[in-house]
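Me: I'm new to this one and would like a close look at a single part of it. Could you walk me through that part and then how the rest fits around it?

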Amino acid sequence: MKIQTRRKDPARFLPYAFIAPLAAYLLIFHAYPLMQEFILSTTYTSLLDPSLREFVGLDNYRDVLGDPEFHKVLRITAIYTVICVSGGVGLGLLVALLLDFNFRGRGIARALVTIPWAAPPVAVALIFIWMFNAQFGIFNDILSGLGISAEPINWLDDPQRALPAVLFTTIWQIFPFSSVVILSALQGVQSELREAAIIDGADKLSVFKAVVWPTIRPTVAILALLLTVWSLRRFDVIWVMTQGGPLGETNTLVIDLYRRAFVYLDLGHAAAVGVIGVCTALVVTFIYFWLSARADRAAGK
């Protein structure tokens, strides 16, 4: 009696072969640097001589979290992130809805709206520095022409106006990405459902709430998550425009991390700030997936 041996099918290892390059990339370029950053955050290390390290445990986290200035950094980061996401998604949704209409020159309009997103962030920041300039800036000319303000406003040197100026610049650059993403989602809305709702007597707002929004909601949700993570780590525009000033009114997490590492030369505290930023992004991501799962359960999916 012959005993048949089960041959292993080589094809069953094919999925692992496809995943292996991505897994290796994540381990080498993400997991390993994060582990090194956490190790660095438990030491006192100066940028002047990184080879000399002194283990301090969680002292760096106690120093950072106990610093009143860092509490201000967290508050400004939260304000910056919430307004950037709200403005980017809201303005992007409005523009996408307008571009979804069938009008003459729609293709050209769709191409032109992507220009802010295609422009390099540093170039955008430099342009807006001139636009916000107290003597030559166009914004002061507009306010003066409308009779709102006769005196020139020094936007980027005013603690009360610097953050709104940076927010305006950031939203202007990121909203085209939101528009393109939402516009692509709008193409998936079935025209038959829209026509049926209109025949039933629904107005445009009701059609949007009952037909359009349920279709594009998952796309808007993931878009909001992406913009949140990007806003948390936004560096270029803020640094070029204000370098975190004046008086720390535009000092976000990444700006604070840069200052601690390359101005104060304290790599341990900078790494602790970086770990706190990563944990913040992970918490936001967890909340997003939790809310998405909850919404899917409520919808019966």
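Where does Leu247 lie?

Reply: Keep in mind as we go that this is a predicted model. Leu247 lies in the loop between α11 and α12, so let's begin with that loop and work outward.

Leu247 has a positive phi of about 55 degrees, even though it isn't a glycine. That's worth a second look, since most residues other than glycine have a negative phi, and most peptide bonds are trans. Leu247 is also exposed, with a relative accessible area of 69%. Pro246 sits in the loop between α11 and α12 as well. The peptide bond joining Gly245 and Pro246 is cis, with omega at about -5 degrees.

Now follow the chain into α12, which spans residues 253-262. Its buried residues are Leu253, Val254, Ile255, Asp256, Arg260 and Ala261. You'll spot a couple of charged names there: Arg counts as positive and Asp as negative. When you're turning the model around, this bit of background helps: an α-helix has 3.6 residues a turn, so residues three or four places apart point the same way. And what lies over the buried residues of α12? The cover includes α2 (59-65), α3, α10, α11 and α13 (267-298).

On the other side of α12, the loop between α12 and α13 holds Leu265. Leu265 has a positive phi too, about 60 degrees, and again it is not a glycine. With a relative accessibility of 24%, Leu265 counts as partly exposed, whereas Leu247 is exposed.

Next, the nonpolar cores. In soluble globular proteins, nonpolar side chains tend to be buried together. Here the largest nonpolar core has 46 residues, and the members that touch the most others are Tyr80, Phe132, Ile182, Leu186, Ile216, Leu223 and Met241. Both helices beside our starting loop, α11 (236-241) and α12, supply at least two residues of this core, and so do α3 (68-99), α6 (121-131), α7 (138-145), α8 (162-186) and α10 (204-232). The biggest giver is α8, with 12 residues.

For a closer view inside that core, pick Ile216. Setting aside residues up to four places away in sequence, Ile216 touches Leu93, Ile182, Ala185, Leu186, Val189 and Phe208. There is also a second, separate core of nine residues, and Leu253 from α12 is among its members, along with Phe70, Val73 and Val275.

One more stop is Thr81, which is found in helix α3. Thr81 is buried, with a relative accessible area of 7%. Apart from neighbours within four places in sequence, Thr81 is in contact with Thr228, Ser231 and Leu232.

Finally, zoom out. The protein chain has 13 helices and two strands. Its radius of gyration is 25 Å, well over the 19 Å that the globule rule gives for 301 residues, so the chain is more spread out than a compact globule. Its C-alpha atoms fill a box of roughly 100 × 70 × 35 Å along the principal axes. Buried residues make up 36% of the 301. Among contacts with a separation of 6 or more, 67% are between residues 24 or more positions apart. The chain exposes about 18,700 Å², with carbon and sulfur atoms supplying 67% of that area.

How values were computed
Residues are numbered from 1 along each chain as its sequence is written. This is a predicted model: local features need pLDDT of at least 70, side-chain atom pairs count only at pLDDT 80 or more; totals for chains, interfaces and linings use all residues. Side-chain values use heavy atoms; hydrogens and water are left out. Helices (H or I, at least four residues) and strands (E, at least two) are DSSP runs, numbered from the N terminus. The radius of gyration is taken over C-alpha atoms; the globule rule is 2.2 Å times the number of residues to the power 0.38. Buried means under 20% relative accessible area, exposed over 50%, partly exposed in between (1.4 Å probe, protein chains only). Contact means heavy atoms within 4.5 Å. Accessible areas come from the Shrake-Rupley method with a 1.4 Å probe; for residues, only the protein chains shown count as cover. A nonpolar core is a set of buried Ala, Val, Leu, Ile, Met, Phe, Trp, Tyr and Cys residues joined through side-chain atoms within 4.5 Å.
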